[in-house]
Amino acid sequence: MSSISKTVLIVEDDPDSREMFVELLRGAGYSVIAARTGKDAMAFLAVNPPPDVILLDMFMPEMDGWQFRRAQESDPRLASVPVVVVSAVGAAQNSAVRSGAAAFLPKPVTAEDLLNALGKLGPPGGDLVQGTLAAARLHDLPHEVLGAAEVMRRIPAWHLPADY
């Protein structure tokens with residue numbers, strides 16, 4: 001199995017959500033890049049290789065998720081990068097699906113839902129198991145970021161590593 005991890009670009013204006021996504025995905029074996037707005041993300045993408053997947057909030061200042069998607073789709077280097085939309089507004093689901101998003105996750109997003117959605121797009125690399133939290137080693141993640149009790153409450157025991 002390859003030890004090269006997939007890169008996820010997180011485009012999220014809320015600093016708490018952005019940091020939670022960063023810590024969770026790094027802990028699960030992904031390489032992570034974070035941007036505060038669609039405009040920041042497009043500036044980064046203009047001079048860097050495309051990520052393997054984009055985690056996109058729809059409601060952001062400067063350039064919202066819909067504007068970002070239009071810019072992404074008009075760039076041949078970026079058009080094929082799958083997008084997972086996250087939003088607190090349920091109405092965004094229909095437009096996310098229409099825009100060709102690979103998945104839609106309502107906020108608040110659980111660790112299980114996020115890793116499963118990304119897992120359906122392929123494993124992060126290394127020794128992680130596709131579509132499960134089995135190798136995510138949740139106990140190695142900062143408890144103040146994930147809220148360990150909340151994670152344990154929401155995730156069935158069969159998802160956890162055997163040595164947890």
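Is Ser 17 buried or exposed? In this predicted model, Ser 17 is buried, because its relative accessible area is 18% and the cut-off for a buried residue is under 20%. The report below begins with the chain as a whole and then returns to the helix that holds this residue.

**The chain as a whole**

The protein chain contains seven helices and five strands, and when these are read along the sequence they give the pattern β-α-β-α-β-α-β-α-β-α-α-α. Of the 164 residues in the protein chain, 45% are buried. The accessible surface of the chain comes to about 8,000 Å², and carbon and sulfur atoms account for 55% of that surface. Among the contacts in the chain with a separation of 6 or more, 64% are made by residues that lie 24 or more positions apart.

**Helix α1 and Ser 17**

Helix α1 covers residues 15-27, and its 13 residues should span 18 Å at 1.5 Å a residue; the C-alpha atoms at its ends are in fact 18 Å apart, which agrees with that expectation. The buried residues of α1 are Ser 17, Arg 18, Met 20, Phe 21, Val 22, Glu 23, Leu 24 and Leu 25. After the helix comes Gly 29, whose phi is positive, near 105°.

Ser 17, which is found in helix α1, also has partners outside its immediate stretch of sequence: once its neighbours within four places are left aside, Ser 17 is in contact with Glu 12 and Lys 107. Ser 17 and Val 109 are 92 residues apart in sequence, and their C-alpha atoms are 9.1 Å apart in space.

**The loop before α5, and a second loop**

Lys 107, one of the contacts of Ser 17, is joined to Pro 108 by a cis peptide bond, with omega about 0°. Pro 108 is placed in the loop between β5 (103-106) and α5 (111-119). Another loop, between β3 (53-57) and α3 (65-74), holds Glu 62, a residue other than glycine whose phi is nevertheless positive, near 70°.

**How the helices pack**

The two helix pairs described here are set side by side in the table.

| Helix pair | Axes come within | Crossing angle, roughly | Handedness of the crossing |
|---|---|---|---|
| α1 and α5 | 11 Å | 60° | right-handed |
| α2 and α3 | 9 Å | 20° | right-handed |

With axes that cross at roughly 60°, α1 and α5 are therefore oblique to each other. On the side of α1 the contact is made by Phe 21, Leu 24 and Leu 25, and on the side of α5 by Ala 111, Leu 114, Leu 115 and Leu 118. An α-helix has 3.6 residues a turn, so residues three or four places apart point the same way. Phe 21, Leu 24 and Leu 25 are also among the buried residues of α1. Helix α5 is itself mostly covered, since eight of its nine residues are buried, namely Ala 111, Glu 112, Leu 114, Leu 115, Asn 116, Ala 117, Leu 118 and Gly 119.

The axes of helix α2 (residues 38-47) and α3 cross at roughly 20°, and because angles under 35 degrees count as roughly parallel, α2 and α3 are roughly parallel to each other. Here the contact is made by Gly 38, Ala 41, Met 42 and Leu 45 of α2, together with Phe 68, Ala 71 and Gln 72 of α3.

Conventions:
Residues are numbered from 1 along each chain as its sequence is written. This is a predicted model: local features need pLDDT of at least 70, side-chain atom pairs count only at pLDDT 80 or more; totals for chains, interfaces and linings use all residues. Side-chain values use heavy atoms; hydrogens and water are left out. Helices (H or I, at least four residues) and strands (E, at least two) are DSSP runs, numbered from the N terminus. Buried means under 20% relative accessible area, exposed over 50%, partly exposed in between (1.4 Å probe, protein chains only). Contact means heavy atoms within 4.5 Å. Accessible areas come from the Shrake-Rupley method with a 1.4 Å probe; for residues, only the protein chains shown count as cover. The expected span of a helix is 1.5 Å times one less than its number of residues. Axes are lines fitted to C-alpha atoms, for helices over the stretch in contact, and angles run from 0 to 180 degrees between N-to-C directions. Angles under 35 degrees count as roughly parallel, over 145 as roughly antiparallel, 65 to 115 as roughly perpendicular and the rest as oblique. A crossing is left-handed if the near helix is turned anticlockwise from the far one by less than a right angle, and right-handed if clockwise.
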